[in-house]
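Trainee: Please pick one part of this model and take me through it closely. Start from a single residue, then work outward to its charged pairs, its rings and its cores.

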Amino acid sequence: MHSELNKYLYELGMSDENVMLSEEIRAFNLEMRQGLLNEESSLKMIPTYISVDDKQFDGKKAIVIDAGGTNLRIALVEFDAQNNATIVYLKKYPMIGLEEKVTAEEFFQILVTYLEPIIYETNKIGFCFSFPTKITEERDGIVLGLNKGIQISGIEGRSLGEELTSELIRQGLGKHFDITIINDTVACLLGGTTIDPLRQYDSFVGFILGTGTNTAYIEADKNNMIINVESGGYGNIKQGICDEQLDQLTVNPGEQKFEKMISGAYLGPLCFEIIKKVASDQQFISEKFRSNIHSLTALTTEDISHFTEYPYSTYNKIGKLLITFGNEADREIVYEIIDCLLKRCAKLIAVNIFGILNRIEKGNTKHLPVCISTEGSTFFKFELLNKRINQQIQQLTEALGYGFCRFVEAKDSTIFGTAVAVLSN
């Protein structure tokens, strides 16, 4: 990297060199322990009352609601005699509350309308809600808050299963439903256990890196219960100047600090803040390019991903601006800024993953790794970020001699895992 640029980014607190891995892993691990003990912690460590066990679901069906940061999916899952799951019905909608603000009452009314075509297939409904939620021993879920730009007024403090049952009754669709509330990361973990029955793993971790981010794992000290870490809310992490600037532009300043440093909803806007900051220094970017940056009103994570794959293309905002107003040195600087941000992102993800692996003391041998059941377009579609994450995890594993793990794409794992959860109830 350009040495002066690296020094400048370090001074801003935006370099990967600002992340001291061993110290950050210890800090993350400490907050995990404090959260489990119900002491003050930015990690909620939410118990799910779900354990990973071998179960048979021969011929059973489950309705699945998958409410994510971008999409809401309604599915019907059916299991055969060999315990193989098939999605026999699937509809996708924009997440309620994403395009415009709704009330909690409107949220449940719309949701039941989406459920109506399959509501009489089974009384088992698994509701995967991808936002901070306290799970009760009855497997209902009390909403703690929203993130990822979703706006549903009055939903905080509501019990999702109870409210959904009431709305089903109100619309005359029946009352004898068995509803299980589950987090998407927990569902991802459970879905990962069904991927490849021939492969052995030391344990399972659910990892989401899409619009938002979160992790879940199996806690031995709680009878192998799955714990929802809510790692996107981790707050014991030092932010850089551009992190703080971006935070103030969001709908929830001061919250979800970790998520705003690594997830798909924020990487593009964060990169834009860094580029503008670097441009203001005048020593790195040409005057012509610098004076025309204002023509960019925003950058998405998709924009910076496309640029790293095709830096000379005019089909992305950055490439087009560079060809029109920049030069080769400008292109190199912009690419280096993005790459440095992705290296920092990879280090922060390593802190999250190794904080968990250190806690569970699994993945100590190469032949028996931990399965990191993974979902999210930011992880799988952002090619350079994916490369940096895998490089960082491998380097850290080799340096520490433990933490052998394998990222596995669990296709539709949220849907399958949610079906497993409700049928296990």
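Mentor: A residue counts as buried when its relative accessible area is under 20%, and as exposed when that area is over 50%. Between the two, a residue is partly exposed. Keep in mind that this is a predicted model.

Start with D247. D247 is found in helix α6. Its relative accessibility is 5%, so it counts as buried. Which residues does D247 touch, leaving aside its neighbours within four places in sequence? They are Q239, N252, P253, G254, E255 and K260.

Take K260 from that list. D247 and K260 form a salt bridge, and their closest N and O atoms are 2.6 Å apart. The aspartate sits in helix α6, residues 241-249, and the lysine in helix α7, residues 259-262, so the bridge ties together parts that are 13 residues apart in sequence. K260 has a relative accessible area of 3%, which is under 20%, so this lysine is buried too.

Now the wider setting. An unreviewed UniProt entry lists residues 205-423 as "domain: Hexokinase C-terminal". That span is 54% helix and 12% strand. Its end C-alpha atoms lie 21 Å apart.

Next, a salt bridge between two other helices. R388 pairs with D339, with 2.8 Å between the closest N and O atoms. R388 is in helix α14 and D339 in helix α12, so this pair ties together parts that are 49 residues apart in sequence. R388 has 17% relative accessibility and so counts as buried. D339 is buried as well, because its relative accessible area is 6%.

Helix α12 turns up again in the rings. F354 and Y402 make an aromatic pair, 6.0 Å centre to centre with 65° between the planes, and it is edge-to-face. F354 lies in helix α12, residues 328-360, while Y402 lies in the loop between α14 (383-400) and β15 (405-409), so the pair ties together parts that are 48 residues apart in sequence. F354 is at 0% relative accessibility, so it is buried. Y402 is at 19%, and it still counts as buried because the limit is 20%.

Now the nonpolar packing. The largest nonpolar core has 78 residues. Which helix gives the most to this core? It is α12, with 18 residues. The residues with the most contacts inside the core are Y217, I274, V278 and I389. Look at I389. Setting aside neighbours within four places in sequence, I389 is in contact with L209, A346, I349, F379 and F407. A second core is separate from this one. The second core has 37 residues, including L72, I119, I150 and I152.

One more ring contact deserves a look. K276 lies over the face of F272, at 4.4 Å from the ring centre.

Compare the bridges so far with one that has less cover. K61 and E121 meet through their side chains in a salt bridge of 3.0 Å, N to O. K61 is in strand β2, residues 61-67, and E121 is in the loop between α3 (104-115) and β6 (124-129), so the two tie together parts that are 60 residues apart in sequence. K61 has a relative accessible area of 27%, so it is partly exposed. E121 is partly exposed as well, because its relative accessibility is 38%. D247 and K260, by contrast, are buried, at 5% and 3%.

Salt bridges can also join up. D66, R73 and D412 are linked in a network of them. Across the model the count is 16 salt bridges.

The rings come last. The model has 15 aromatic pairs. F129 and F131 form one of them, with 5.0 Å between centres and 55° between planes. This pair is tilted. F129 is buried because its relative accessibility is 1%. F131 is buried too, because its relative accessible area is 1%. Both belong to one aromatic cluster, made up of F107, F108, F127, F129 and F131.

To return to the starting point: D247 is buried in helix α6, and its salt bridge partner is K260.

Definitions and conventions: Residues numbered from 1 in each chain as written. Predicted model: local features only at pLDDT ≥ 70, side-chain atom pairs only at ≥ 80, totals over all residues. Heavy atoms only, no water. Phe/Tyr/Trp six-rings, centres within 6.5 Å; stacked < 30°, edge-to-face > 60°. Buried < 20%, exposed > 50% of the residue type's maximum accessible area, 1.4 Å probe, protein only. Helix = DSSP H or I, 4+ residues; strand = E, 2+ residues; numbered from the N terminus. Lys NZ or Arg CZ within 6 Å of the ring centre and 35° of its normal. Salt bridge = Lys/Arg side-chain N within 4 Å of Asp/Glu carboxyl O. UniProt positions renumbered as here; feature names shortened; annotations may be inferred. Contact = heavy atoms within 4.5 Å. Core = buried A, V, L, I, M, F, W, Y, C linked by side-chain atoms within 4.5 Å.
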